[in-house]
Amino acid sequence: MTKAMLKPAQPAALAAPTLEERAAFRTLEKSEAVHRKLIADLACMNRVEARIEGPLQPLHFPLTVAAWNLERGLFVEASADRLADQRAGIVLLSEVDDGMARTGQRAVAQDIALRLGQGCAFGVEFLELGLGSTREQALCADDATNDKGFHGNAVLAAAPLLAPAMIRLDEHGHWFNADTDQPRVGGRCAVIATVPVGGAAVVVVSVHLESRSDGAYRARQVEDLLACVDGYAGDLPVIIGGDLNTGNATGGDFEHEPLFSVAAAAGYDRHGGALDRMTLRSSRLSPEPPRAYKLDWFLTRGLAVGESRVVDAVGPDGTPLSDHEMIVVEIAGLAGETAAQQHDLVMPEAY
């Protein structure tokens, strides 16, 4: 596995390859070496786009954090309102589009952030070279093309997002091959940032692990991720959240995923609501009966965690907003410290 590396943010919008360049990518040899070079050469795959608007103030404990795989982001306003219902000061999103025909060319994470009055840091997991699956293509006009073709992860917060960065977890090209209806450049990734909370600095990470793999592969992804987080965060408290794809190769048996042991050995606790509460559901793009899988989790270090829960991913009219439920965790404060003992806000070293 390629060693994970931090890639810094840039204030300007990420530039997408032209339509001609994207068409040319589809004709390249489908090999790991070609894909790795392509990733290295594409600036949009190696930066986080930070979109910060409006007056943002430090957050305070207790703090609500939500994580949600939005399955492209077909229902921006309803999804933002569902997050607002939870009063989430920090939101960790995965599978959100930017400049895709299937979602109306919208910058899904940014549009949700604007509706919530939050800042946003977005990173490209995949550069999509097509319009998506057959069901997704049905959402597009006959002559549709993707403005950007971006699909990725985001961190949103009602507070300044300090030192946002990208962590690329692999460059192997699991999806860059000839036998998929989703031709893509890219690989799984995480977006990391520091958020001021209650006089302290809390490091937050939105992550999405590989589905086309086994538990051992995902455990290596977590090892690389946590090594990167350590280099960024030092001893600061950390909350990681997202779609870990646990149990994907074992019929939903998430307890045998070695990534949890890796995280525990590094000092992280897991939270995902009741263990018998699954996180998949039927949706517009995934109408089949959902598998009994619990894929979505938080991993925390150095934080006093209260309740965690699974929240139904439905709008007020009952419309499914994603094929994943939202997960939410309540953070009471820093672990083992009173409010008077909380340390001053310190930027991660070298950032």
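## Tryptophan 175 and its partners

Tryptophan 175 is buried in this predicted model, because its relative accessibility of 9% falls under the 20% cut-off. A search of the whole structure turns up three aromatic pairs. One of them joins phenylalanine 126 to tryptophan 175 in an edge-to-face arrangement, with 6.1 Å from centre to centre and 65° between the planes. The two residues come from distant parts of the chain: phenylalanine 126 belongs to strand β5 (residues 119-128), while tryptophan 175 sits in the loop between β7 (162-168) and β8 (184-186), 49 residues apart. Phenylalanine 126 counts as buried too, with a relative accessibility of 0%.

Tryptophan 175 has a charged partner as well. The charged end of arginine 212 sits over the ring of tryptophan 175, 3.9 Å from its centre. A similar story can be told for the next residue along: the charged end of lysine 30 sits over the ring of phenylalanine 176, at 5.3 Å from the ring centre.

## An aromatic cluster around tryptophan 297

Now let us turn to another aromatic group. Phe254, Phe260 and Trp297 form one aromatic cluster. Within the cluster, phenylalanine 260 and tryptophan 297 make an edge-to-face pair, 5.0 Å centre to centre and with 75° between the planes. Here a helix meets a strand: phenylalanine 260 is in helix α7 (residues 259-265) and tryptophan 297 is in strand β13 (residues 296-301), and the pair links these distant parts of the chain across 37 residues.

How buried or exposed are these two partners? Phenylalanine 260 has a relative accessible area of 11%, so it counts as buried. Tryptophan 297 is also buried, at 1%.

## Salt bridges between strands

The structure holds 26 salt bridges. One of these brings together the side chains of arginine 72 and glutamate 95, with an N to O distance of 3.2 Å. Arginine 72 is in strand β3 (residues 63-72) and glutamate 95 in strand β4 (residues 90-98), so the contact links distant parts of the chain, 23 residues apart. Despite their charges, both side chains belong to buried residues: arginine 72 has a relative accessible area of 8%, and glutamate 95 has one of 14%.

This pair is also part of something wider. Arg72 and Glu95 are linked with Asp97, Arg102, Glu128, Glu136 and Arg184 in a network of salt bridges.

Another strand-to-strand contact joins glutamate 330 to arginine 309, whose closest N and O atoms are 2.9 Å apart. Glutamate 330 lies in strand β15 (residues 326-334) and arginine 309 in strand β14 (residues 303-311), so their salt bridge ties together parts that are 21 residues apart in sequence.

## Back to strand β5

Which partner does arginine 188 find in a salt bridge? Glutamate 125 takes that role, and the closest N and O atoms of the two are 3.3 Å apart. Arginine 188 lies in the loop between β8 and β9 (189-197), whereas glutamate 125 is in strand β5, so the salt bridge ties together parts that are 63 residues apart in sequence. Both partners are buried: arginine 188 has a relative accessible area of 3%, and glutamate 125 has a relative accessibility of 0%.

Strand β5 therefore contributes to two of the contacts described here, with glutamate 125 in a salt bridge to a loop residue and phenylalanine 126 in an aromatic pair with tryptophan 175, itself in a loop.

Conventions:
Residues are numbered from 1 along each chain as its sequence is written. This is a predicted model: local features need pLDDT of at least 70, side-chain atom pairs count only at pLDDT 80 or more; totals for chains, interfaces and linings use all residues. Side-chain values use heavy atoms; hydrogens and water are left out. Rings of Phe, Tyr and Trp (its six-membered ring) pair if their centres lie within 6.5 Å; planes under 30 degrees apart count as stacked, over 60 as edge-to-face and the rest as tilted. Helices (H or I, at least four residues) and strands (E, at least two) are DSSP runs, numbered from the N terminus. Buried means under 20% relative accessible area, exposed over 50%, partly exposed in between (1.4 Å probe, protein chains only). A charge sits over a ring if NZ of Lys or CZ of Arg is within 6 Å of the ring centre and within 35 degrees of the ring normal. A salt bridge is a side-chain nitrogen of Lys or Arg within 4 Å of a carboxyl oxygen of Asp or Glu.
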